[in-house]
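Work through the following exercises with the model open beside you, and try each task before reading the solution under it.

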Amino acid sequence: MSAPRSVLSKIARPYAAALFDLAQDGKVIEAVEKDLDAVAGLIDSSDDFSRFLVSPTITTDVKSAALSAILDKVKPVELVANTLRLVAKNGRLFALAAIIAEFKMLAAEARNEVSAEVTSAAPLTKEQETELAGVLKDKVGKDVSLITRVDESLIGGLVVKVGSQMIDTSLKTKLSAMKIAMKGVS
């Protein structure tokens with residue numbers, strides 16, 4: 001684990017744990033997770049917004065005011081709005097993506113679920129996703145939620161990451177292995 005990621009985790013974990021505990025007590029985990037997914041989507045889709053969050057040159061007051069304006073328009077669950085305002089007030093918006101990731105991990109654990117990152121050469125159909133989730137569930141013994149993405153450079157096959165395990169059945173990797181093997185023959 002890299003040093004910056006470790007520092008972010010140390011900052012994010014208490015916020016995420018407190019938010020999760022409050023959401024669990026209020027029985028609003030699903031609503032909170034949905035609102036956090038929307039915020040994560042905004043961070044991922046807008047380079048300007050993600051730079052705004054991490055910029056050390058923008059004051060905490062300016063970030064808090066901008067976030068309040070966004071929250072007034074979006075109107076998330078009160079618990080999410082209050083948490084985001086607290087994170088902004090404390091000058092921790094740079095860790096917002098990590099806080100969301102930590103919360104999602106806690107929510108998945110509570111549902112006895114694990115996430116699997118699946119990279120494929122072409123988009124998977126719903127049927128393929130369902131079948132893959134079933135196979136992974138049998139392997140890990142927990143429900144599996146898939147996070148899919150497409151990487152055409154794989155040529156074919158899949159790369160699946162579940163926790164610290166990685167299964168690489170991509171043609172790109174197989175061709176690279178064959179290339180190395182052929183060099184040894186000549």
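**Exercise 1. Describe the largest cavity: how much space lies in it, and which residues line it?**

Solution. This is a predicted model, and about 40 Å³ of space lies in its largest cavity. The residues that line this cavity are Leu 136, Lys 139, Val 140, Val 160, Lys 161, Val 162, Gln 165 and Ile 167. As a next step, assign them to elements: helix H7 (126-140), S3 and S4 are the elements that give two or more residues to this lining. Sorted by class, the lining of the largest cavity holds five nonpolar residues, one polar residue and two charged ones.

**Exercise 2. Find how the strands S3 and S4 pair, and then how S1 is joined to S3.**

Solution. Begin with S3 and strand S4 (residues 165-168), which pair in the antiparallel sense over four bridges. Within this pairing, Lys 161 stands opposite Met 166 in S4. The two strands form a hairpin with two residues between them, and in the turn Gly 163 has a positive phi of about 60°. Then turn to strand S1 (residues 113-120), which runs antiparallel to strand S3 (residues 158-162) and is joined to S3 by five bridges. Here Val 118 stands opposite Val 160 in S3.

**Exercise 3. Describe the second largest cavity: which residues line it, and which element gives the most to its lining?**

Solution. A search of the whole structure finds two cavities of 30 Å³ or more, and the second largest of them holds about 30 Å³ of space. Its lining is made up of Leu 19, Leu 36, Thr 83, Leu 84, Leu 96, Ile 99 and Ile 100. Two or more residues of this lining come from each of H5 and H6, and H6 gives the most, with three residues. By class, the lining of the second largest cavity divides into six nonpolar residues, one polar residue and no charged residues.

**Exercise 4. Examine helix H5: which of its residues are buried, and how far does the helix reach from its first C-alpha to its last?**

Solution. H5 has 12 residues and reaches 16 Å from its first C-alpha to its last, which is close to the 16 Å expected at 1.5 Å a residue. Next, look for the buried residues of H5, which are Leu 79, Val 80, Ala 81, Thr 83, Leu 84, Val 87 and Ala 88. Finally, follow the chain to the point just after H5, where Gly 91 takes a positive phi of about 70°.

**Exercise 5. Compile a description of each of the two pockets, the largest and the second largest, from its volume, its lining and the classes of its residues.**

Solution. Take the largest pocket to begin with, in which about 1200 Å³ of space lies. It is lined by 32 residues, and those nearest its centre are Ala 101, Met 105, Ser 115, Glu 117 and Ile 147. The elements that give two or more residues to this lining are H1, helix H2 (29-45), H6, S1, strand S2 (143-150) and S3, and the largest share, eight residues, comes from H6. Divided by class, the lining of the largest pocket has 15 nonpolar, six polar and 11 charged residues.

Now take the second largest pocket, which holds about 160 Å³ of space. Of the 13 residues that line it, Val 39, Leu 42, Ile 70, Leu 71 and Val 74 are the closest to its centre. H2, helix H4 (60-74) and helix H5 (78-89) each supply at least two residues of this lining. By class, the lining of the second largest pocket has 12 nonpolar residues, no polar residues and one charged residue.

**Exercise 6. Explain why the pair of Phe 20 and Phe 103 is edge-to-face, and state where the two residues lie.**

Solution. The count of aromatic pairs comes to two. In the pair of Phe 20 and Phe 103, the ring centres are 5.9 Å apart and the planes stand at 65°, so the pair is edge-to-face, given that an angle over 60 degrees counts as edge-to-face. The pair links distant parts of the chain, with Phe 20 in helix H1 (residues 3-25) and Phe 103 in helix H6 (residues 96-110), 83 residues apart. Phe 20 counts as buried at 8% relative accessibility, and Phe 103 counts as buried at 0%.

Notes
Residues are numbered from 1 along each chain as its sequence is written. This is a predicted model: local features need pLDDT of at least 70, side-chain atom pairs count only at pLDDT 80 or more; totals for chains, interfaces and linings use all residues. Side-chain values use heavy atoms; hydrogens and water are left out. Rings of Phe, Tyr and Trp (its six-membered ring) pair if their centres lie within 6.5 Å; planes under 30 degrees apart count as stacked, over 60 as edge-to-face and the rest as tilted. Buried means under 20% relative accessible area, exposed over 50%, partly exposed in between (1.4 Å probe, protein chains only). Two strands pair if DSSP finds at least two bridges between them. On a 1 Å grid over the protein atoms alone, a cavity is a set of points where a 1.4 Å probe fits but cannot get out, and a pocket is an open set with protein on both sides within 12 Å along at least five of seven lines; lining residues have an atom within 4 Å of a point. Grid points are joined across faces, edges and corners, and a volume is the space filled by probe spheres set on the points. Ala, Val, Leu, Ile, Met, Phe, Trp, Tyr, Cys and Pro count as nonpolar, Asp, Glu, Lys and Arg as charged, and the others, Gly among them, as polar. The expected span of a helix is 1.5 Å times one less than its number of residues.
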